[in-house]
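Me: I'm new to this one and keep tripping over the vocabulary. Could you show it to me and then tell me what stands behind the words?

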Amino acid sequence: MPADSVIVKHRDMPVLGSPHVATIGLLADAAATGGALSVVRVTLADGADGAQPHRHRLGTELFYLLSGGAQVLVGDELVQAGEGDLVVVPPDLPHAFAAAPGHPADLVIVIAPGIDRFEYFRMLERVALGTLPRDSLLREQERFDTWFLQSPAWEQR
């Protein structure tokens, strides 16, 4: 059965995080799109990390840079992305992203097929605030199809 239309007005978008470091705007979760996709908007301060190296077994992740500059790990390659650039990462390929040094970054991130990940982002916020232990995310890797890993290419950037 097709999903209903999804319309999210900017003023109604729930936003997590701190504008001084990183914010995550919750646009559409899988439940809202009939499982087709999940969408968030991530805004990073100059040089801030967006996500540590990880992979998704099921989902393809799309990064579209609205403004600023970003570094995106794709496999073992570090890609420099600028305004209007698009990076698509297929399932099982390691990836990570951050604002490029000297630049903020404003990105739209889409995962397809969708997975309900809004709770994952709420957990990230609680980890950042110190109200949830960091290792709690490790216990939720399967639930959110986010499998953390090590990346020498990312660590050396």
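Reply: What follows is a chat about the terms and the values behind them. This is a predicted model, where local features need pLDDT of at least 70 and side-chain atom pairs count only at pLDDT 80 or more, while totals for chains, interfaces and linings use all residues. Residues are numbered from 1 along each chain as its sequence is written, and side-chain values use heavy atoms, with hydrogens and water left out.

Me: Okay, why is H56 called buried?

Reply: Buried means under 20% relative accessible area, exposed means over 50%, and partly exposed is in between (1.4 Å probe, protein chains only). H56 has a relative accessible area of 2%, so it counts as buried.

Me: Where does H56 sit?

Reply: You'll find H56 in the loop between β4 (49-55) and β5 (60-74). Those labels are DSSP runs numbered from the N terminus: helices are H or I with at least four residues, and strands are E with at least two.

Me: What makes the link between H56 and H95 a polar contact?

Reply: The term needs a pair of N or O atoms within 3.5 Å; within protein, one must be able to donate a hydrogen and the other to accept it, and residues adjacent in sequence count only if both atoms are side-chain atoms. The side chains of H56 and H95 are joined at 3.3 Å, and a polar contact of 3.3 Å also joins the side chains of H56 and H54.

Me: Which residues further along the chain does H56 contact?

Reply: Contact means heavy atoms within 4.5 Å. Leaving aside neighbours within four places in sequence, the partners of H56 include E61, P91, D92, I111 and D145.

Me: D92 and D145 again! Why is one called partly exposed and the other buried?

Reply: D92 has a relative accessible area of 43%, so it is partly exposed. D145 is at 7%, so it counts as buried. D92 is in the loop between β7 (86-89) and β8 (95-99), and D145 is in the loop between α2 (141-144) and β10 (147-148). Phi is positive in both: near 70° for D92, which is not a glycine, and about 50° for D145, not a glycine either.

Me: And what makes E155 exposed?

Reply: Its relative accessible area is 55%, so E155 is exposed. E155 lies in helix α3 (residues 152-155). Its C-alpha atom is 9.6 Å from that of Q52, though the two are 103 residues apart along the chain.

Me: How do you know that β1 and β2 pair?

Reply: Two strands pair if DSSP finds at least two bridges between them. β1 and β2 have four, in the antiparallel sense, so they pass. They form a hairpin with three residues between them, and V15 stands opposite G25 in β2. β2 also pairs with β3, again in the antiparallel sense, over six bridges, and the partner of G25 in β3 is R41.

Me: Why is β2 called mostly covered?

Reply: Five of its seven residues are buried.

Me: What belongs to the largest nonpolar core?

Reply: A nonpolar core is a set of buried Ala, Val, Leu, Ile, Met, Phe, Trp, Tyr and Cys residues joined through side-chain atoms within 4.5 Å. Here the largest one has 28 residues, and V40, L44, F97 and L107 touch the most other members. The elements that each supply at least two residues include β2, β3, β5 and α1.

Me: What makes something a cavity and not a pocket?

Reply: On a 1 Å grid over the protein atoms alone, a cavity is a set of points where a 1.4 Å probe fits but cannot get out; a pocket is an open set with protein on both sides within 12 Å along at least five of seven lines, and lining residues have an atom within 4 Å of a point. Grid points are joined across faces, edges and corners, and a volume is the space filled by probe spheres set on the points. A search of the whole structure finds one cavity of 30 Å³ or more. The largest cavity has a volume of about 50 Å³, and V40 is among the residues that line it. The largest pocket holds about 990 Å³ and has 38 lining residues, with Q52 among those nearest its centre.
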